[in-house]
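Good morning, and thank you for making time for this item. I should like to take you through one model, beginning with a term and then moving from the surface to the interior.

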Amino acid sequence: MAETAIDYGAVFQALPGMVALLTPELVYADVNEEFVRVSGRSREQLIGKYLFDVFPDNPNDRSATGMRNLEASLYRVLATGERDTMALQRYDIEDPERPGEWSKRYWSPVNAPLLGPDGKVVLLLHRVEEVTELIRARGGSPGNRSSRARVLEAELYTRARELQELNERLRQAHSREREVALALQEAMLPAPRQVGNHPAAVRYRPAVGALNVCGDWYDLVDLVGGDRIGVAVGDVVGHGLAAAGVMGQLRSALSAASRVAAGPAQALDVLGRYAHVIDGAESATAVTTFIDCDRHVITYSSAGHPPPVLVHADGRTEFLDQATDTPLDARPDPIPRPQAATTFTPGATLVLYTDGLIERRREDIDKGLERLADALRDHRDQDPETLADTVLLELLPPGGATDDTALIIVRL
């Protein structure tokens with residue numbers, strides 16, 4: 001029996017339910033006949049058009065979330081290469097014949113990836129079932145429900161079970177990742193402790209939505225030659241386990257270099273050369289301070305990092321910003337980094353931090369630095385542990401920061 005070539009174009013057009021193909025830019029590449037019929041849009045109004053230009057949220061409904069939810073689902077598919085089943089959505093549709101008039105509609109969407117030979121997502125398959133009739137039918141008696149409503153109810157039940165199973169898998173995966181994250185954090189970062197005779201406090205806050213590890217890091221080391229300590233912080237671009245792996249390598253390298261370097265600039269020189277051979281260390285920053293408590297001198301150097309703050313015993317705040325250079329891997333052929341020094345009297349407080357503490361979107365960084373200086377000055381009499389909590393409370397947003405934050409406070 002001779003094989004018959006299958007017309008996949010005809011199959012696509014005949015698929016039951018509304019089905020569309022979207023490009024990674026969320027532009028309609030194709031739609032089937034049912035999509036055209038139910039949406040009330042012609043193929044010409046759809047093909048080549050951006051999804052949310054054709055179907056925006058209802059501007060008359062301030063609580064509308066359909067567009068945002070659908071966009072998030074499609075981007076999840078692009079990022080993970082995995083199917084995403086959405087919960088029931090209300091997504092109103094504008095009448096194409098009567099602009100400005102919107103009808104209340106309910107949908108059950110599923111989005112799936114179509115992969116190319118290289119495994120990357122080349123198209124998104126967007127399948128949606130309208131369940132408006134079912135939602136309305138549930139308001140009447142069971143005997144009055146149409147056969148169409150019963151079919152839609154069965155479909156919705158199937159989708160609900162899929163979502164339940166997916167959520168359970170996600171919970172299990174998150175639990176495993178959290179255990180790994182906690183173990184990684186404990187292994188790669190030093191435990192908060194007193195350095196020499198100087199009380200110290202450390203705080204570590206991942207960005208909202210991240211695992212319990214991040215790309216920010218800190219270090220405290222006892223240096224040879226009298227009452228000398230090294231204090232450093234750094235920042236790797238990104239969040240999660242990958243950034244944490246890079247962070248662990250850089251922190252360990254700087255900790256070792258600090259113990260043998262002549263000063264903080266030389267320690268950062270060594271770290272910068274090391275960063276060139278680490279994938280993921282691009283644009284990483286760090287600042288390190290060598291504190292000679294016998295001579296009451298702080299020597300410091302910064303590789304593109306926000307300046308430490310020295311709070312003098314009389315309340316004066318001094319930003320250590322006289323030795324700032326480019327990020328760790330910025331130069332193909334590193335040159336010696338700058339180094340500066342300042343003095344202090346006993347009872348002063350040294351504060352190092354990462355940019356999550358001070359940066360806010362659409363705000364000049366100087367405002368964040370001013371907030372930090374004010375908080376440190378106002379509460380300078382607090383012990384380091386209490387002061388660390390106070391600073392986080394006053395500077396971080398109530399719901400958490402969108403960037404990772406590390407903070408270290410040492411009383412000198």
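Helices and strands here are DSSP runs, numbered from the N terminus, with at least four residues for a helix and at least two for a strand. In those terms, L15 lies in the loop between α1 (8-14) and β1 (18-22). Please keep in mind that this is a predicted model.

Is L15 buried, exposed or partly exposed? Its relative accessible area is 31%, and since partly exposed denotes the range between under 20% and over 50%, L15 is therefore partly exposed. Together with I6, Y8 and V11, L15 forms a nonpolar surface patch, the four having about 400 Å² of accessible area together.

Let us now turn to the interior. The largest nonpolar core comprises 49 residues, and L250, I291 and L328 have the most contacts inside it. Helix α8 (residues 240-260) is the greatest contributor to this core, with seven residues. A second, separate core has 23 residues, among them F52, V77, M86 and W107.

L328 touches, beyond its sequence neighbours up to four places away, a set of residues including L250, L268, L271, T285 and A303.

I291 brings us to strand β12 (residues 285-292), where eight of eight residues are buried. T285, V287, T289 and I291 point one way from β12, while A286, T288, F290 and D292 point the other way. Strand β13 (residues 297-303) pairs with β12 in the antiparallel sense, over seven bridges, and I291 stands opposite I298 of β13. Four residues separate the two strands in this hairpin, where H296 adopts a positive phi near 60°.

Key
Residues numbered from 1 in each chain as written. Predicted model: local features only at pLDDT ≥ 70, side-chain atom pairs only at ≥ 80, totals over all residues. Heavy atoms only, no water. Buried < 20%, exposed > 50% of the residue type's maximum accessible area, 1.4 Å probe, protein only. Pairing = 2+ DSSP bridges. Core = buried A, V, L, I, M, F, W, Y, C linked by side-chain atoms within 4.5 Å. Contact = heavy atoms within 4.5 Å. Patch = residues over 30% accessible without salt bridge, like charges linked within 9 Å, V, L, I, M, F, W, Y side chains within 5 Å. Areas by Shrake-Rupley, 256 points an atom, 1.4 Å probe, with all protein chains shown as cover. Salt bridge = Lys/Arg side-chain N within 4 Å of Asp/Glu carboxyl O.
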